[in-house]
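Q: Could you take me through one part of this model in detail? I would like to start from a single strand and follow its surroundings outward.

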Amino acid sequence: LAPDHGTDTPPPVVVWVHGGAWVSGNKAYMANYLKLLAVQGYAVVGVGYTVAPQARYPTPVIQTNRALAWLDANAEQLGVDRSRIFLAGDSAGAQIAGQTANLITSPAYARDMGLTPAITPGQLRGVILYCGVFDASALSLEGALGGFIRSVMWSYLDRRDFDQDPRLAQMSVTDHMTRAFPPVFVSVGDKDPLAPQSQRL
């Protein structure tokens, strides 16, 4: 979505990664919200990714990185400002967006992931994260929510004993943030059971 803002200056771009606990959701679900952002003068891109169990970790991060590469390569044709990109997401999308921001801003982390960042740290001007999981080692596995978390993490990491998987630490945003991480806006509902995750971030 691109705004008609009546100026020759290309608009900044918000790249939104949808939520759905890594096992559901679709970028189309965010369409109305993304339209509201576009009305405010931003170009907006909704990223689609393959959910588990059809694709496992780290496929959504790889696909988000590829979406950024496509956006960067086609920015002039799209009429957007490739030097002002904001990465955003909700729920699982917030985790994916935060992890992708780490990929972009930490060369050591990119090497650990075995991925080449699609854009430079200077292009990534900010990150917006709603209601995400940012420290997987601190997830509570008790109660009904714990059972749900066990199920989706098993599906996403393809291991029943996911808590023994070293990729759990790799996907934790808080473990890999550096001083190069861009300004970040974090939001979560007061009664959201994942509120402690946002507080940790």
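The close look below begins with strand 1 and moves on to its partners, the pocket and some backbone details.

A: Happy to! Please keep in mind that this is a predicted model, where local features need pLDDT of at least 70 and side-chain atom pairs count only at pLDDT 80 or more, while totals for chains, interfaces and linings use all residues. Residues are numbered from 1 along each chain as its sequence is written, and side-chain values use heavy atoms, with hydrogens and water left out.

Let us begin with strand 1, residues 13-17. Helices (H or I, at least four residues) and strands (E, at least two) are DSSP runs here, numbered from the N terminus. Of the 5 residues in strand 1, 5 are buried, so the strand is largely enclosed by the rest of the structure. Buried stands for under 20% relative accessible area, exposed for over 50%, and partly exposed for what lies in between, using a 1.4 Å probe and protein chains only. In a regular strand the side chains alternate between the two faces of the sheet. Here V13, V15 and V17 point one way, V14 and W16 point the other way, and all are buried.

Next come the partners. Two strands pair if DSSP finds at least two bridges between them. Strand 1 runs parallel to strand 2 (residues 43-47), and 5 bridges join them. With strand 3 (residues 85-90), strand 1 also pairs in the parallel sense, over 5 bridges. V17 is a handy place to see both pairings: its bridge partner in strand 2 is V47, and its bridge partner in strand 3 is G89.

The connection to strand 2 passes through helix 1 (residues 31-39), and strand 1, helix 1 and strand 2 make a right-handed β-α-β unit. Right-handed is meant in this sense: with the strands pointing away from the viewer, the path from the first strand over the helix to the second runs clockwise.

Going on from strand 3, we reach strand 4 (residues 124-130), which runs parallel to strand 3 and is joined to it by 6 bridges. In this pairing, D90 stands opposite Y130 of strand 4. Strand 4 in turn runs parallel to strand 5 (residues 184-187), with 4 bridges between them. Y130 takes part here too, with S187 as its bridge partner in strand 5.

Back at strand 1, the loop between strand 1 and helix 1 holds A21. Most residues other than glycine have a negative phi, and most peptide bonds are trans. A21 has a positive phi of about 60° although it is not a glycine. It counts as buried because its relative accessibility is 13%.

A21 also leads us to the largest pocket: along with S91, V133, F148 and L194, A21 is among the lining residues that lie nearest the pocket's centre, out of 13 lining residues. A pocket is found on a 1 Å grid over the protein atoms alone, as an open set of points where a 1.4 Å probe fits, with protein on both sides within 12 Å along at least five of seven lines; lining residues have an atom within 4 Å of a point. About 150 Å³ of space lies in the largest pocket, the volume being the space filled by probe spheres set on the points, which are joined across faces, edges and corners. Helix 5 (residues 143-157) gives the largest share of the lining, 5 residues. By class, the lining has 11 nonpolar, 1 polar and 1 charged residues. Ala, Val, Leu, Ile, Met, Phe, Trp, Tyr, Cys and Pro count as nonpolar, Asp, Glu, Lys and Arg as charged, and the others, Gly among them, as polar.

A few backbone details round off the tour. In the loop between helix 5 and helix 6 sits D158, a residue other than glycine whose phi is positive, near 60°. D158 is partly exposed, with a relative accessible area of 46%. On the other side of strand 2, the loop between strand 2 and helix 2 (59-78) contains P53, and P58 is found in the loop between strand 2 and helix 2 as well. A cis peptide bond joins A52 and P53, with omega about 5°, and the bond from Y57 to P58 is also cis, with omega near 5°.
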